[in-house]
Amino acid sequence: MNITDQIIEGKANLEIFCDTLIDLARKDSTIIAVTSDSRGSSRLIPFAEKYPEQIVEVGIAEQNIVGVAAGLASTGKKVFVSSPGCFLSTRSLEQIKNDVAYSDYPVNLVGISSGVSYGALGTTHHSLHDVAALRAIHNITIVVPADNFETRETIKTAAISNKPFYIRFGKKKMPHLHSGSDTFGIGKASTILEGNDVAIIACGETVFPAVEAAKILYNKGISTRVLSMHTIKPLDNISILKAAKECKAIIVVEEHSINGGLGEACATIILEAGLPVPFKRMGIPEEDTVTGSQMEVFNHYGISASGLCNEAEKLLRKV
Amino acid sequence: MKKYSDSELQQKSILYRLALLKYIKMAGAGHTGGDLSCVDILNVLYNDVLNVSPENFHDKNRDRYIQSKGHAVEILYVVLAERGFFPETDLETIGKYKSPYIGHPTRKVNGIEFNTGALGHGLAISSGIALAGKRDRAPYRVFTLIGDGELAEGSNWEAAMLAAHYKLDNLLAILDHNTLQITGRISEVCSPYPIDEKWKAFGWNVITADGHNILWLRKVLNEATNLKDKPTIIIANTIKGKGVSFMENDTRWHHRVPSDDEYKIAVKELETQLI
């Protein structure tokens, strides 16, 4: 997109997830959705009504959902497990590690209402640890799509992949961040905005605040590169190093703990390459997480246009 | 599949036990007691029940065997080798640097369906395979071997509920009920009893059998999947360390490797059981 483009609101990524699964199931009877009393919150009711033979309900049992999904996948089913990210990622971590990743069956784990989407429900329902936990598991691709386009492409790619995926979604409607001619590839960052003063590397629902920040910075004469780093594993090292070489400062922003997430992953790449660029991780710090709506939590921790602008200007003053 | 007589299968069990001890001794590691308790079960499964062979292992309609008590992998290797899935000489590499024949099942070994070993995983996986079979109206059956100490894993009971809910009568669980775990008697560590009533309450058919009686095992393992509308569990009463008198019913043999002298005595004892 261009910095002056009008932002157009899209659907919630979960609705696109359901629409895409319906499209896929139309031609492929091996598509199976598996839910843990979560078809409503996963927005999968239209899928369940259309393809009742292609949905499996396991009840509220996250260990079981992943084990059962691995069994289904081993018979050739294209399985999409959909359950809140907070539970799916770590309640069933051992099943993900052994039954899916180590056994190498292509289960697609869809973590819904992730990050602080359930803001006011508190820490039990926040998933600020899922990316960190799964980054340490060999043989699973981690994708956090930013908008409807990235969501659709991710689901289509995962459906035909023979490898495990963890795909992380929030809840709210997402603006369109891509133009019709954009291409998408797992493991290849999407450049949402070009710029060479500061780079904001973001993922999922933090990409939009990064774009808003870029617009404000543009009016102050600062050009901002915004990368949607939708694939957290395998990471697009080339785009990260390119940004670190071409921009004067780097901010990484994520709806996740600053420990073990995208920020640390980017920092490692840049440090190991010996690039001395001013760098800031933004996300949820190591503390008892504040509660409130997702927007209130975002604003509290500076995951907002103004918060990102402040950090960008602070970093640029160091240059 | 070749049809064996009961006495031929009984002989096979002794040969399996001899091979098992040989390769555990060679590797310097293994779950000796729990391997010996399920020899007869694996023997009957692979030689009389399962529609699985090296030739049809990639056929989507093959029967599936998932070994949830993955630590008893050495006997699985011995049986798979004898059934022709790989050369027996491969077993000389058990536990060696870079060998695929490690201390728990992995798909790197021909004939193995899932990487198991963390307890409480096999039943959920098997339920998923059985559910796919039901939806596809496929003819295959799914068998899983569970340890009795493993019943403490709550994930088993999540899967037990699901299997009954979906009426997975193509699923057969076999409980290796040798009554011992690494710390002591299962009744004393954290009792799972009454085992049969628990499974019945979860909506399963429950059959109790002598887990070393070849005749009985042939009958129940072949006929149990004919029972309709419910999954079935066979509580196979077994003896940890079965076949070697000084290893039987002794928790110390959970994962002990015989000394040179103990090995010689054990081999002699098993050889006297051969006809």
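These are my notebook entries on a helix pair in chain B and a sheet in chain A of a predicted model.

**Entry 1: two helices of chain B**

I first looked up how helix H3 (residues 39-49) of chain B sits against helix H9 (residues 214-223) of chain B, and I found that they pack at an angle of about 55°, with their axes 10 Å apart. H3(B) and H9(B) are therefore oblique to each other, and I noted that their crossing is right-handed.

I then asked which residues make the contact. From H3(B) I listed Asp40(B), Ile41(B), Val44(B), Leu45(B), Asp48(B) and Val49(B), while H9(B) brings in Ile214(B), Leu217(B), Arg218(B), Leu221(B) and Asn222(B). Sorting the residues of this contact by character, I have seven nonpolar, one polar and three charged.

**Entry 2: a sheet in chain A**

Turning to chain A, I traced an open sheet of five strands, which has the order E9-E11-E10-E13-E14 and mixed pairing. Strand E9 (190-193) and strand E14 (279-284) of chain A stand at the edges with a single partner strand each, so one side of each is left without a neighbour in the sheet. From one strand to the next, the twist averages 25°.

I followed one pairing further: strand E13 (residues 249-257) of chain A and E14(A) pair in the parallel sense over five bridges, and Val253(A) stands opposite Met282(A) in E14(A).

**Entry 3: a helix across the sheet**

Lastly I looked up what lies across these strands, and I found helix H8 (residues 207-219) of chain A across E9, strand E10 (198-202), strand E11 (224-228) and E13 of chain A. I noted that H8(A) runs at about 170° to E11(A).

Technical notes: Residues numbered from 1 in each chain as written. Chains lettered and ligands numbered in written order. Predicted model: local features only at pLDDT ≥ 70, side-chain atom pairs only at ≥ 80, totals over all residues. Axes fitted to C-alpha atoms, helices over the stretch in contact; angles between N-to-C directions. Helix = DSSP H or I, 4+ residues; strand = E, 2+ residues; numbered from the N terminus. Parallel < 35°, antiparallel > 145°, perpendicular 65-115°, else oblique. Left-handed = near helix turned anticlockwise from the far one by under 90°. Contact = placed C-beta atoms within 7 Å. Nonpolar A, V, L, I, M, F, W, Y, C, P; charged D, E, K, R; others polar. Pairing = 2+ DSSP bridges.
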